[in-house]
Amino acid sequence: QIFNQHNAEAPNLEQAFHRMAPMEPNLDHDLSWFLLPSYWAKMVVALISFLCFANSYDGDFVFDDSEAIINNKDLRAETPLGDLWYHDFWGSKLSSNTSHKSYRPLTVLTFRINYLFAGGFYPVGFHVINIILHCTISVLMVDVFSILLGGLQFSNKGRRLNLAPKSSLLAALLFAVHPVHTECVAGIVGRADLLCALFFLLSFLGYCKAFRENKEGHTFSVFWVLVSVVLGAIAMLCKEQGITILGLNAVFDALVINKINLLELIRKLLYKDKALENAGLLRKGLLFRITLLMCGGAGILYIRWRIMGTGPPAFTEVDNPASFADSLFVRAINYNYYYSLNAWLLLCPWWLCFDWSMGCIPLIKSVSDWRIIALAALWFCLIGLICQALCSEDSHKRRILTLGLGFLIIPFLPASNLFFRVGFVVAERVIYLPSIGYCILFTYGFSLLSKQAKKKKILAVAVLGILLINVMRCALRSSQWRSEEQLFRSALSVCPLNAKVHYNVGKNLADKGNQSAAIKYYREAVRLNPKYVHAMNNLGNILKERNELHEAEELLSLAVQIQPDFAAAWMNLGIVQNSLRRFEEAEQSYWTAIKHRKKYPDCYYNLGRLYADLNRHIDALNAWRNATVLKPEHSLAWNNMIILLDNTGNLAQAEAVGREALELIPNDHSLMFSLANVLGKSQKYKESEALFLKAIKANPNAASYHGNLAVLYHRWGNLDLAKKHYEVSLKLDPMAPGTKENYNLLRRKLEQLQKKGG
């Protein structure tokens, strides 16, 4: 049922209002919307926000999750907790030149707790926490919107009154079901935005509590102002945007608590009017509170700056091409175009993409580009809203529009490129907080339409339709975030010019073994971005595996020419050169890779293989030993050491290395097999047999395991068991080298024994 009446929960409000907050026009008066008790309103918001994203609970780790979670050593118990305070979001040292300087230790701490409770990298627990966080934030939005839309007023008992129950419910529902939030909720890395938003809102609500009259009759509480600053600091330790709440608290204080008319204040400042005290600046302690907020914010930023270091984050042109443009005009016009795209995503969140970089949005280079219209439309709307916010004679209208614009713009400032370069073009996750301002403006616009409309029920049905469409869009988008394949393919229609989209589709196909299809997407990525070295490297790898060595060499050579410190491409180039038997060039490529990445166990492993091919056995053993020092679980390096020592007759040394390897990797069946061969040659048959059987138990379908165990039994004299395992080996692999000959020898021996016995 749709109502148009006043708040039914608070009769005789005139007598209950706090003296500091006189009555204002009620936004709910003309609003065609549902009126629910506060408890039920919050239950409805929680339920609907849960339904929007519930289907993401069993999704995989996708996109950035692998770097921020799976490959992040800060999540593991062996990493000291103190390291979190000196590492960035991705687990790199903040002092490193390659660090993105994203300092979010509290978010990483929640990932670590998730990991420890789950006992490993199981994504369900991570996703469930994200969904709960969004539901909690959406519920808090009911209270936040009731203050922003209805004002801050208390009863004589100190209880905050909700003077806009219908409009606050509508705004909270709009926030809860906005599809642009899907990245934050369904993508685990979005935890940073959710935690930041949670403490952002708590800081705001804490600041509002400062104005509840206490027993001593003081009009505000310094304690709650300081609590708000602390909560703002916690929000910033979850994500950088959190610091903006201190500025918004100051704006709220000026507009709602002190009811300052900004245009009038500007006039008084320009004309040096001495009656500023009459504007409420000093009388209500505004300057004191703003000083507290400013000092707190400055202190927080200073501490973060000291921890982060003075160097700015290092981004590349493909991350944010406009910021690298030489012309100030090109930079300015493209930044404004990016703002218009963010605004469009709030208005019409239909075209959503996990990544908007790498050619997805071509640069505007001249005023003849038709996309200039989007800039004009954005600024036409913004200027119109700003004029109304400043110049309207209706104080209620001025307050709501200013708060709406403040919550829309101020949280977006860190992502605006105005103060520093950011590492993206458009990112849906950074609109999570600014969408609060959008919901305020939408709700206010709806109330104005309701006031003018004759058929208000039709208007309410239209808004219900928008909410329903958004719920369905959230559910669809959440399902796309459940797996990388769906996520990457969904972006092909939105950003067909984005090289990274094609690269990720190709990588996903390659991981699933579909190399032919992967090649197609990697080639398209390189075509769209001829300097995309990661696509060249991956394409070169596939071509190398398909023995298309010359094209692989061309691609990898071009990759290291474009990015000379690309260690992985140098190593892969060395592998290709080794396959082409250009050993000196291969050795040089391997050492160049190690020069650019000191701790590179895989490169030492491949270098060892090169030395083994050249019969430089000591160098090969040293290279493999380096690989195992850097990565003790490097099974291939251990195995190659055992085999090389075995083949060169150093059985005692091979046995020692094998035992050392199995202590570090006790369940590796390939190491068991290699050590069993060495023990068999040393005539330690019983121990060799035990290792062979253990290896076969771990990998029963390995023909060589059965074949070599048969050879052991053959030497040992257990001919029946030898015959059994020869037959199993030949059944698994009829062409197993040497096995058939050994089996025939055994059969002849058994026939001779039978004849003698006969």
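**Exercises on a predicted model**

In this predicted model, 37 residues of domain 1 are in contact with 28 residues of domain 2.

**Exercise 1.** State which residues belong to domain 1 and domain 2, and how far apart their C-alpha centres lie.

*Solution.* Begin with the bounds: the domain assignment places residues 37-308 in domain 1, and gives domain 2 as 321-343 + 358-454. Next, take the C-alpha centres of domain 1 and domain 2, which lie 21 Å apart. Finally, add the contacts: 37 residues on the side of domain 1 meet 28 residues of domain 2.

**Exercise 2.** Identify the residues that make the nonpolar surface patch, and the elements that give two or more residues to it.

*Solution.* The patch, of about 800 Å², is formed by Trp-344, Leu-347, Trp-350, Trp-351, Leu-468, Ile-469 and Met-472. Two elements give two or more residues to this patch: helix H13 (328-347) and helix H17 (456-480). H17 provides the largest share, three residues.

**Exercise 3.** Determine whether Leu-468 is buried or exposed.

*Solution.* Leu-468 is first located in helix H17. Its relative accessible area is 51%. The cut-off for exposed is over 50%. Leu-468 is therefore exposed.

**Exercise 4.** Describe the chain over residues 499-532 and over residues 601-634.

*Solution.* The unreviewed UniProt entry annotates "repeat: TPR" at 499-532, 533-566, 601-634 and 703-736. Over residues 499-532, helix accounts for 79% of the chain and strand for 0%, with the end C-alpha atoms 8 Å apart. Residues 601-634 are likewise 79% helix and 0% strand, and the end C-alpha atoms there are 8 Å apart.

Notes:
Residues numbered from 1 in each chain as written. Predicted model: local features only at pLDDT ≥ 70, side-chain atom pairs only at ≥ 80, totals over all residues. Heavy atoms only, no water. Patch = residues over 30% accessible without salt bridge, like charges linked within 9 Å, V, L, I, M, F, W, Y side chains within 5 Å. Areas by Shrake-Rupley, 256 points an atom, 1.4 Å probe, with all protein chains shown as cover. Salt bridge = Lys/Arg side-chain N within 4 Å of Asp/Glu carboxyl O. Helix = DSSP H or I, 4+ residues; strand = E, 2+ residues; numbered from the N terminus. Buried < 20%, exposed > 50% of the residue type's maximum accessible area, 1.4 Å probe, protein only. UniProt positions renumbered as here; feature names shortened; annotations may be inferred. Domains from an automatic or database assignment. Contact = heavy atoms within 4.5 Å.
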